[in-house]
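Trainee: I am new to this structure and would be grateful for a close look at its pocket and the parts around it. Please set the account out as one connected description.

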Amino acid sequence: MMEVIKIEGGHELNGTISVGGSKNATVALIPAAVLACGGEIKIYGVPEIDDVENLINLLKELNVKVDYDGKDSISIVTDDMVNIPLESKAVTKLRASYYFMGALLGKYKRVQMKMPGGCYLGPRPIDLHLKGFEALGATVTYEQGSYIIEAKELIGNKIYLDFASVGATINIMFAAVYAQGKTVIENAAKEPEIIDVATMLNKMGANIKGAGTSMITIEGVECLVGCTHEIIPDRIVAGTYLILASAMAKEVTIENIIPHHLESLISKLQEMGVKMDVGIDTIKVSRAEKLTSVDINTQPYPGFATDLQQPLTTLLTQAEGTSIVRENIYTERFKHCLELQRMGADIQLSPAQATIEGPTPLDGDYVTATDLRCGASLIVAGLIAKGVTTIQDIYHIDRGYDNIDEKLRAIGANIWRATEKKD
Ligand code: EPU
């Protein structure tokens with residue numbers, strides 16, 4: 001038996017929906033907390049997602065004291081922490097477990113852990129993370145499925161990233177906060193989550209400058225301590241809500257949003273003809289008369305986010321004309337298109353590209369969330385489709401969307417969970 005999400009499509013959405021804290025910031029902030037040598041790290045705005053539960057399990061393995069209220073705030077105290085190998089199943093349940101590599105290496109000069117897991121989006125190497133650790137003086141060995149990364153001492157260095165990788169930028173910051181002297185990351189990723197992580201580390205006593213630009217400088221310090229931090233809103237969840245509102249809203253207001261983080265999506269939606277009223281921390285979407293096709297080219301921030309490519313593809317099936325989606329970050333991130341085709345979408349796939357002809361009606365069917373944002377794209381499809389859509393493997397969705405069914409029900413969607421036999 002397995003849990004599924006069922007959606008009866010065609011219901012107009014009306015009301016206000018609120019965005020929680022950013023998943024991709026949270027999953028780095030929790031490992032960042034282990035860098036403290038004392039004091040309590042209190043983080044607010046923690047989203048209720050399964051990735052948080054998995055990270056808490058990893059903290060517990062390290063004997064870190066965690067107090068999570070299951071809703072909004074987490075308290076982390078590292079006084080009795082031990083640096084044991086991280087080789088349990090929890091490591092493989094999410095990608096972000098790799099942040100313990102940088103954090104434990106930074107704090108203890110040694111880490112042993114399994115290869116992280118996460119959504120399959122094609123190959124996801126971690127060579128840039130490892131090169132960064134090596135540039136700081138660490139040696140990396142891989143034995144029996146585990147990495148052992150260790151250093152006598154870590155010494156600041158200049159590190160140029162061949163690609164502006166989010167994970168490598170954050171992991172190198174973690175490894176460098178206690179390194180001797182200055183580390184400079186060139187061609188650093190500029191995502192808002194990186195600024196959030198650097199902000200919390202600086203509150204803890206780190207000396208990081210330039211986060212949010214392509215050059216980040218980290219001056220090593222002696223000791224990090226406790227602090228209080230509020231996580232930024234999740235721009236990908238906010239973007240998903242904007243997209244589903246663009247398809248089905250009578251009038252939907254999305255609140256707790258930083259519109260600046262969503263500029264590339266907002267301008268694409270405007271180009272499609274979506275009516276939006278952008279406020280300081282809210283966006284109101286009203287139903288458009290007609291949607292027109294647009295082309296999308298995914299890029300690192302501030303370019304169009306690869307994580308929003310999947311839900312936007314669903315909306316493009318409702319737009320008049322031909323849309324071309326080029327995926328430049330994860331060239332195989334198109335599994336959602338196969339599910340959308342089952343529902344009636346006209347999508348042609350070629351390497352790293354999807355061509356969508358619209359508008360096409362969508363029909364409810366049994367579909368599978370093959371990864372987190374595929375799940376989001378299928379929720380959008382289910383809201384639009386005629387009849388009932390049943391989404392399987394919803395554990396992917398629960399890794400990143402906090403109570404999405406409950407929140408959508410509150411604005412008029414007919415969406416519910418059920419238990420069914422796996423087909
Ligand atoms: N890359 C390498 N070598 C590396 C690291 C990355 O070749 O050592 C390549 C990747 O294969 C990919 C590109 O660089 O082609 C970008 O990867 P990046 O490291 O930036 O991605 P990530 O840190 O693994 C984060 C998010 C992803 C999001 C990407 C891109 C987290 C936990 N994950 O992944 O989020 O798609 O950045 O913005 O922050 C999601 O939320 O659904 C998700 C997959």
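Mentor: A definition is needed before the pocket can be described by class: Ala, Val, Leu, Ile, Met, Phe, Trp, Tyr, Cys and Pro count as nonpolar, Asp, Glu, Lys and Arg as charged, and the others, Gly among them, as polar. Please also keep in mind that this is a predicted model.

With those classes, the lining of the largest pocket has 19 nonpolar, 10 polar and 13 charged residues. The volume of this pocket is about 980 Å³. Its lining consists of 42 residues, and Y98, R124, V166, I329 and Y330 are the ones that lie nearest the centre. The helices α1 (23-33), α5 (127-135), α6 (166-176), α10 and α12 (372-384) are the elements that give two or more residues to this lining. Two of these helices, α10 and α1, lead on to other parts of the model, and they are taken in turn.

Helix α10 spans residues 306-316 and lies across β17, β18, β19 and β20, running at about 170 degrees to β18. A second helix, α11 (residues 335-342), also packs on the sheet; α11 touches β19 and β20, and its direction makes about 150 degrees with that of β19. The sheet itself is open and has four strands in the order β17-β18-β20-β19, with mixed pairing. Because β17 (296-297) and β19 (346-350) stand at the edges, each with a single partner strand, one side of each is left without a neighbour in the sheet. Between them in the order, β18 (residues 321-326) and β20 (residues 353-358) pair in the antiparallel sense over six bridges. In that pairing, R326 stands opposite Q353 of β20.

Helix α10 also has a helical neighbour. Helix α8 (residues 235-248) packs against α10 at an angle of about 5 degrees, and the two axes are 10 Å apart. Angles under 35 degrees count as roughly parallel, and α8 is therefore roughly parallel to α10. On the α8 side the contact is made by R235, I236, G239, T240, I243, S246 and A247, which meet D307, L308, P311, L312 and L315 in α10. By class, this contact has seven nonpolar, three polar and two charged residues.

The residues R235 and I236 of α8 and L308 of α10 appear again in an enclosed space. A search of the whole structure finds two cavities of 30 Å³ or more. The largest cavity holds about 70 Å³ of space. Its lining is formed by R235, I236, H261, L262, S264, L265, Y301, G303, A305 and L308. Helices α8 and α9 (263-272) each supply at least two residues of that lining. The lining of the largest cavity divides into six nonpolar, three polar and one charged residue.

The second largest cavity has a volume of about 60 Å³. G20, G21, K23, P47, I49, D234, V237, Y241, G400, D402 and K407 line this cavity. Four of its lining residues are nonpolar, three are polar and four are charged.

K23 of that lining leads back to α1, where K23 is also one of the residues in contact with the next helix. Helix α1 packs with α2 (residues 50-61) at an angle of about 10 degrees, with their axes 10 Å apart. The two helices α1 and α2 are therefore roughly parallel to each other. In this contact K23, T26, V27, I30 and P31 in α1 meet D51, V52, L55 and L59 in α2. The residues of the contact divide into six nonpolar, one polar and two charged.

One further sheet completes the account. Three strands form an open sheet in the order β6-β8-β7, with antiparallel pairing. The edge strands β6 (110-114) and β7 (139-143) each pair on one side only. Neighbouring strands of this sheet are turned by 15 degrees against each other on average, direction ignored. Strand β6 and strand β8 (residues 146-150) pair over five bridges in the antiparallel sense, and the bridge partner of M113 in β8 is Y147. Helix α4 (residues 99-108) lies across β6 and β8 and runs at about 160 degrees to β6.

Key:
Residues are numbered from 1 along each chain as its sequence is written. This is a predicted model: local features need pLDDT of at least 70, side-chain atom pairs count only at pLDDT 80 or more; totals for chains, interfaces and linings use all residues. Side-chain values use heavy atoms; hydrogens and water are left out. Two strands pair if DSSP finds at least two bridges between them. Contact means heavy atoms within 4.5 Å. Axes are lines fitted to C-alpha atoms, for helices over the stretch in contact, and angles run from 0 to 180 degrees between N-to-C directions. Angles under 35 degrees count as roughly parallel, over 145 as roughly antiparallel, 65 to 115 as roughly perpendicular and the rest as oblique. On a 1 Å grid over the protein atoms alone, a cavity is a set of points where a 1.4 Å probe fits but cannot get out, and a pocket is an open set with protein on both sides within 12 Å along at least five of seven lines; lining residues have an atom within 4 Å of a point. Grid points are joined across faces, edges and corners, and a volume is the space filled by probe spheres set on the points.
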